[in-house]
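Grab a pencil and work through a few exercises on the protein shown below. Each one gives you a task, then a solution you can follow step by step.

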Amino acid sequence: MSEPMIKKSTYDIEIGERTVSLRLTVSSQLRLKNKFKQESIDTILEAASDPEKLLAVFHEALNFKDNENDGLSGEELYDLLVDNGTKGIDAFAKIVFGIANASGILSDKQTKQVENGIDRSYSAIFEHIEKGAADTAVIADSTEDSKNATFPEQ
């Protein structure tokens with residue numbers, strides 16, 4: 001009698017004609033914890049905005065036992081993603097949270113909650129930046145207007 005085949009849970013990304021499978025095993029989570037001196041969930045939550053942590057998560061997730069990623073590195077994965085249209089912190093956050101979900105770190109509900117929170121946070125940040133740029137333009141316009149203003153002689 002043969003042993004039952006257990007399908008590994010992975011987060012799969014289609015890049016061109018290639019499928020990249022990602023998974024953080026418990027040993028890879030421990031390596032992340034030791035490398036960054038913090039819980040692996042904290043590293044995952046920070047990875048989208050921290051290139052060193054993002055590449056470390058990618059590296060660990062690419063190298064699980066019996067993977068079929070053909071030795072792809074974290075840096076190569078990042079470049080392939082960008083070259084194939086992945087752009088923005090929010091896009092990389094969704095990938096990292098997908099990896100965490102497939103690896104059992106985040107439940108489906110937690111993944112959705114984190115994604116929604118990140119979407120709201122980034123929206124607020126970029127709205128603030130946009131508003132700040134608009135306010136700066138108004139100030140610049142009013143400063144320029146005051147330079148060119150003529151005042152009646154007294």
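**Exercise 1: the faces of helix α1**

Helix α1 spans residues 26-36, and its buried residues are Ser28, Gln29, Leu32 and Phe36. Work out how these buried residues are arranged around α1, and what they pack against.

Solution. One thing before we start: this is a predicted model.

Step 1. Look down the axis of α1: the buried residues fall within an arc of 105°, so they line one face of the helix.

Step 2. Turn to the other side of α1, where Val26 and Asn34 are exposed.

Step 3. Now find the partners: the buried residues of α1 pack against α2 (40-47) and α3 (51-62).

Step 4. Finally, check what comes after the helix. α1 is followed by Lys37, which has a positive phi, near 55°.

**Exercise 2: the overall layout**

List the secondary structure elements in order, and say how much of the protein is buried.

Solution.

Step 1. Count the elements: there are six helices and two strands.

Step 2. Put them in order from the N terminus, and you get β-β-α-α-α-α-α-α.

Step 3. For burial, take the 154 residues of the protein: 30% of them are buried.

Step 4. Then look at contacts between residues with a separation of 6 or more. Of these, 56% join residues 24 or more positions apart.

**Exercise 3: a pair of packed helices**

Describe how α2 and α5 pack, and decide whether they run roughly parallel or antiparallel.

Solution.

Step 1. Know what to look for. Two packed helices are described by the angle between their axes and the distance between the axes.

Step 2. Read off both values: α2 and α5 (residues 89-102) pack at an angle of about 155°, and their axes are 8 Å apart.

Step 3. Apply the cut-off. Angles over 145 degrees count as roughly antiparallel, so α2 and α5 are roughly antiparallel to each other.

Step 4. Name the residues in the contact. From α2 come Ile44, Leu45 and Ala47, and from α5 come Val96, Phe97 and Ala100.

Step 5. Sort them by class: the contact of α2 with α5 has six nonpolar residues, no polar ones and no charged ones.

Step 6. Zoom in on Leu45, which lies in helix α2. Its relative accessible area is 40%, so Leu45 is partly exposed. Setting aside neighbours within four places in sequence, Leu45 is in contact with Phe97 and Val114. Leu45 and Phe97 are 52 residues apart along the chain, yet their C-alpha atoms are separated by 7.8 Å.

**Exercise 4: the nonpolar core**

Find out which residues have the most contacts inside the largest nonpolar core, and which elements supply it.

Solution.

Step 1. Start with the background: in soluble globular proteins, nonpolar side chains tend to be buried together.

Step 2. Here, the largest nonpolar core has 29 residues, and Leu22, Phe58, Leu77, Leu81 and Ile99 have the most contacts inside it.

Step 3. Trace the suppliers: β1 (11-15), β2 (18-22), α1, α2, α3, α4 (74-83), α5 and α6 (108-148) each give at least two residues to this core. The largest share, seven residues, comes from α5.

Step 4. Follow Ile99 outwards. Leaving aside neighbours within four places in sequence, Ile99 touches Tyr11, Leu22, Leu24, Val57, Phe58 and Ala61.

Step 5. Now take α4, where Gly74, Leu77 and Leu81 are buried. They cover an arc of only 60° around the axis, which puts them on the same side of α4. The buried residues of α4 pack against β1, β2, α3 and α5. After α4 comes Gly85, with a positive phi near 105°.

**Exercise 5: three charged residues**

Decide whether Glu60, Asp66 and Asp70 are buried or exposed.

Solution.

Step 1. Place Glu60: it lies in helix α3. Its relative accessible area is 11%, under the 20% cut-off, so Glu60 is buried. Apart from neighbours within four places in sequence, Glu60 is in contact with Arg23, Leu24, Ser28, Arg31 and Leu32.

Step 2. Place Asp66, in the loop between α3 and α4. With a relative accessible area of 59%, Asp66 is exposed. Its phi is near 60°, a positive value in a residue other than glycine.

Step 3. Place Asp70, which lies in the loop between α3 and α4. At 70% relative accessibility, Asp70 counts as exposed, and its phi is positive, near 50°.

Key: Residues numbered from 1 in each chain as written. Predicted model: local features only at pLDDT ≥ 70, side-chain atom pairs only at ≥ 80, totals over all residues. Heavy atoms only, no water. Buried < 20%, exposed > 50% of the residue type's maximum accessible area, 1.4 Å probe, protein only. Helix = DSSP H or I, 4+ residues; strand = E, 2+ residues; numbered from the N terminus. Arc of directions from axis to C-beta. Contact = heavy atoms within 4.5 Å. Axes fitted to C-alpha atoms, helices over the stretch in contact; angles between N-to-C directions. Parallel < 35°, antiparallel > 145°, perpendicular 65-115°, else oblique. Nonpolar A, V, L, I, M, F, W, Y, C, P; charged D, E, K, R; others polar. Core = buried A, V, L, I, M, F, W, Y, C linked by side-chain atoms within 4.5 Å.
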